[in-house]
Amino acid sequence: MPKSRIDSATVQRILDASDIVEVVSDFVHLKRRGSGFIGLCPFHNERTPSFSVSKSKGICKCFSCGKGGSPVNFIMEIEQVGYSEALRYLARKYNIEIQERELTAEEREEASQREAMMAVNDFAMQTFEHNLTSTPDGRDIGLAYFHERGINDTMISRFHLGYSLEGRTALYDEAIARGYKEEFLLSTGLCLRAEQGHNAGQIRDRFRGRVMYPVFSVSGKVVAFGGRTLRSDKEVAKYVNSPESLIYHKSNVLYGLYQAKKAIVQHDKCILVEGYMDVISMHQAGVENVVASSGTSLTEGQIRLIHRFTDNVTVIYDSDPAGIKASLRGIDMLLAEGLNVKVLLLPDGDDPDSFAQSHSSSQVEQYIADNETDFIRFKTSILLQGADRDPIVRSKAIADIVMSISMIPDQITRSVYIAECSRTLDIPEKVLNLQVAKNMADKAERDRQDDLRRRNRQAISDLNSSPQQPQSGESAPVAPAQQSTSAGIANVSPSSAPSPSASVTTAIPTTSEAAFFDSSERDLLTYVIRYGMVNFCEVATDDPTSPTRPMSVIEYVHQELEYDEISFTNEPYRLTFQAALHASRIPLADELHRYMEQTVEPLIARERQRGEEEIRLKGTDMTTLQRLQKELDQRLENMRIEGEKDFRCLFISRRLASDPDDTVRRVTTDLMSERHKLSKIYSRFGTVTPERDTLDDSVPRAVYAVKNMVILHQIRLLTDEIKNAYASPQPDLDLIMTLMTRQSELQTIKRELSRYLGDRVVTPLR
């Protein structure tokens, strides 16, 4: 558990003091353009500036590579450090003293299980390191092994390699003596409790007599260990790894990523190998952008980790054909994630460890540059070996290669690979295009059917359930788009809005169909991020002295979605919306006062000085003086009003742009920096009303657009259900009638929504 932490007040002082222009200017030469600044992107090579910095929004963004964010996020990206380290960097820049406090024994006791498990793992790593260098067995067995494998002390220190003593409870006894709890030694897998036999109930160390490889998270926390035995006894497992736990999910961890992430960004490439020693030896040879899947099959979670740092992956294989064929599935998964994949085959008898040990840094880098090849050529050479005289084997190999091309999400990239495959295999492009299209359609249909089968039972059981009604004593949420005296909505009441009967209680689609909702959910979340704290309408209260209170945009959106049991299907959007809700509950008074004092009042003071000078020059008589003074007072009051509006507009976005969660920061930055496009409706006219002044119409439209998509999805599911019911050997007519009745009800609601949304309703193609 941590012994100290930065207190929340200090974090807020750091965020308040951090000026995005000043922070970025330390790394990028900026030039003013309009109301913002622009410069060459520090994250990729470019000749034409595309890196935009907005002082008012407090964010930066490259419109070419997409990187940027708040001052915190920029420092995290440019320095390749974690959230806490970025805060400390900014604190040093602005001479802000970090206020940390020691946690009491009670607070350590109350700390989360996750932190406790991290702490016990960190203790174990330090113990293993101490054993390796400071105990006789560690030096004679563990350290001697690493030196024999050619690993120097620098790499041993960099990867925190260690040794677990042979004693049955050596680590356990030391941990208990140091005050660590038994439950966390067990939950992390550092220790085991015997379940049966004469030792039942007794605890022992998991990694006895093994050299140790700590596994780090991206932020540098120890989440697991791998231990290798040095015994020749075949009955003893060669490698033992930490089990899955609250802090360790092996499918979401890559060995060496913490040490390699900076080099991956610098080289814009990740080299993927298999084992611990492969990574360490490559780093020792000077090739540091290397990570390993740690002997497990590559997973989607690991691929997404790589994609956070680069679009380019080189997979290194040794010369074992059987092992290569078994690992080819990993290439398809990399392609499906949109990565650019190259493959490198090492000389016979070599693996990355031995090759790096026997070659210099320049030789390793040169070999990679000269021999890495695209996956088409590699897969062709592997799968077509010995298939020249067997048409069936050849056709299967070609089908496998074409299936890999079908995984590529980008159409242009697919077309390039199809052309390359056509030349290599001497097959017409038209034939390959048809097969790729068929593969993609088949996969989409399989995904849809799998999802439909999982949800059939639940969907049918919910058909006759009524919409959830507010419990007695609760006030029903209402939309500004509907007129309701009981709800107390006063400011907004378009007459064409759907009636309250258009309630939508639905089963939300899973992530596989989230793309169906992406556009409407993105539009709605954009309003929440940009205008969440803006006062949107008035709502009734029970206080006779104050019969109404203001309702914010985010409060209205949350109420509308919660009433109809709707949530965001896109997981990053859902996380960001939840973070926005959390931010919206923070009291505004103190921060508003600080913003007005630090940002708005200086502008007002300058305007007052300018206005008073103008009065002195133009005020020739009392009437003119009074008029000019009145105009000045009105301008200053308008500046205060606009200043508060600006604060409310920026409050959520500024909070979320510096959120500790990577996903929340990325989504917020994307939505805040997205370039606007005027629709044809508005571009016909000479004047355009500012978006902030049209929220009473645009926010309800965005809410109902999401509801419309939910209903369209529900109708589609019911249509498939009806088809399946009719196709069964003995159709259940009662079920069919129930399904058709529900479908008719949804069609009615859809028509009501369509009348309100007008020509903006778009039914996506299936």
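This section describes a cavity, a surface patch and two loop residues in a predicted model. Local features were taken at pLDDT of at least 70 and side-chain atom pairs at pLDDT 80 or more, whereas totals for chains, interfaces and linings use all residues. Residues are numbered from 1 along each chain, and side-chain values use heavy atoms, without hydrogens and water.

The structure holds 4 cavities of 30 Å³ or more, a cavity being a set of points, on a 1 Å grid over the protein atoms alone, where a 1.4 Å probe fits but cannot get out. The second largest has about 40 Å³ of space, the volume being that filled by probe spheres set on the points. Its lining (residues with an atom within 4 Å of a point) comprises 9 nonpolar residues and no polar or charged ones. Helix α17 (361-371) supplies at least two lining residues, as does α16 (352-357); α17 gives the most, with 3. Helices are DSSP runs (H or I) of at least four residues, and strands are runs (E) of at least two.

Tyr-726, Met-737 and Met-740 make a nonpolar surface patch of about 330 Å². Patch residues have over 30% relative accessible area and no salt bridge, with nonpolar side chains joined within 5 Å. Met-740, in helix α30 (residues 733-757), is partly exposed at 37% relative accessible area (buried is under 20%, exposed over 50%, partly exposed in between; 1.4 Å probe, protein chains only).

Two non-glycine residues have positive phi: His-160, at about 55°, and Asp-268, at about 50°. His-160 lies in the loop between α8 (153-158) and β8 (162-164), and Asp-268 in that between α11 (257-267) and β14 (270-273).

Note on methods. Patches are made of residues with over 30% relative accessible area and no salt bridge: like charges are joined within 9 Å, nonpolar side chains (Val, Leu, Ile, Met, Phe, Trp, Tyr) within 5 Å. Accessible areas come from the Shrake-Rupley method with a 1.4 Å probe; for residues, only the protein chains shown count as cover. A salt bridge is a side-chain nitrogen of Lys or Arg within 4 Å of a carboxyl oxygen of Asp or Glu. On a 1 Å grid over the protein atoms alone, a cavity is a set of points where a 1.4 Å probe fits but cannot get out, and a pocket is an open set with protein on both sides within 12 Å along at least five of seven lines; lining residues have an atom within 4 Å of a point. Ala, Val, Leu, Ile, Met, Phe, Trp, Tyr, Cys and Pro count as nonpolar, Asp, Glu, Lys and Arg as charged, and the others, Gly among them, as polar.
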